[in-house]
Amino acid sequence: MKTLLNKEDAFVSGSRVVSWKTLTEIQNVYDRFMGAYLYHRGCKNNQVKHSGDGDQAKSKARMFVSHFIQVLNLCMMRGEIKEKHKSLYGLSEGDYTVPDMTSSEQLLYWGEHIIAGEKERLKLGGVPVYNPSIAKVSVHFDIFRDLYKKQKRLQKLTSSSGDDMGALREEVDKVLLDLWNQVEAAFADLPVLERYKKCQSYGIVYYYRRHEDPIEGLTL
């Protein structure tokens, strides 16, 4: 399409090979497709650019949440906090292991449950856990969560823009087929080599099949 639109004589009435209707359709489809393509590429580049922004925040948030759980467990083992309060945090009584928080989703789950559980226990009159305090845990967890959500938004934009571009492909293919047929029909009476070269000048690309012999003088 770009080759055709850059071909000046394609728009000249006396030498027009492609109908004015098709030229108009091609210009319209090309502009929309390129707009969608450039937007998708921009979204993808932006996603890649910020892909590592949350790595350090995730590591720090996991460290603080994990440390808080360890301190909480020690407090319960010493009898400073009742073990029955484990349910407030989504933890099981008798289990003093630190939950797996390898993935971002696991960290989100446990971070939210631990912060909510500590706040609920304090409402019941419990003594706060220190070193780290839940306030400090919340700060680092919130930074991680914000960056995680930002990356998810960027991924969604990339996916959505890719779908928009894909939705245009059927229309593009239809216009290209119409263009191909008109160009080949216009030069159908010319010798093979001349016909192929004329068609190539309008952007048509030919490929040799394995069983076909190359046409002398034609560059594919």
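## Nonpolar cores

In this predicted model, the largest nonpolar core has 25 residues, and those with the most contacts inside it are V65, F68, L72, I114 and F144. The elements that contribute two or more residues to this core are α3, α4 and α5, and the largest share, ten residues, comes from α3. One of the residues with the most contacts inside the core, V65, is in contact with M101, L107, G111, I114, V137 and F141 once its neighbours within four places in sequence are left aside.

Apart from this core lies another one, of 23 residues, which includes V29, A36, V172 and I204.

## Helix α4 and its cover

Helix α4 spans residues 104–123, and its 20 residues reach 29 Å from the first C-alpha to the last, close to the 28 Å expected at 1.5 Å a residue. Its buried residues are S104, L107, L108, W110, G111, I114, I115, G117, E118 and R121, and what covers them includes α3 (55–77) and α5 (134–186). Three of the residues that V65 contacts, namely L107, G111 and I114, are listed among these buried positions of α4.

An α-helix has 3.6 residues a turn, so residues three or four places apart point the same way. Just after α4, G125 takes a positive phi of about 95°.

## Q151 in helix α5

Q151 is found in helix α5, and because its relative accessible area is 15%, under the 20% cut-off, Q151 counts as buried. Not counting residues up to four places away in sequence, Q151 touches Q47, H50 and S51. With H50 there is also a polar pairing, in which the backbone oxygen of H50 lies 3.2 Å from a polar atom of the side chain of Q151.

## Overall form

The secondary structure of the protein comes to six helices and zero strands, and from the N terminus on its elements run α-α-α-α-α-α. The radius of gyration is 32 Å, well over the 17 Å that the globule rule gives for 220 residues, so the protein is more spread out than a compact globule. Taken along the principal axes, the C-alpha atoms fill a box of roughly 95 × 40 × 25 Å.

Of the 220 residues, 35% count as buried, while the accessible surface comes to about 13,900 Å², of which 53% belongs to carbon and sulfur atoms. Among contacts with a separation of 6 or more, 61% are accounted for by residues 24 or more positions apart.

Conventions: Residues numbered from 1 in each chain as written. Predicted model: local features only at pLDDT ≥ 70, side-chain atom pairs only at ≥ 80, totals over all residues. Heavy atoms only, no water. Helix = DSSP H or I, 4+ residues; strand = E, 2+ residues; numbered from the N terminus. Expected span 1.5 Å × (residues − 1). Buried < 20%, exposed > 50% of the residue type's maximum accessible area, 1.4 Å probe, protein only. Contact = heavy atoms within 4.5 Å. Polar contact = N/O pair within 3.5 Å; in protein donor to acceptor, adjacent residues only side chain to side chain. Rg over C-alpha atoms; globule rule 2.2 N^0.38 Å. Areas by Shrake-Rupley, 256 points an atom, 1.4 Å probe, with all protein chains shown as cover. Core = buried A, V, L, I, M, F, W, Y, C linked by side-chain atoms within 4.5 Å.
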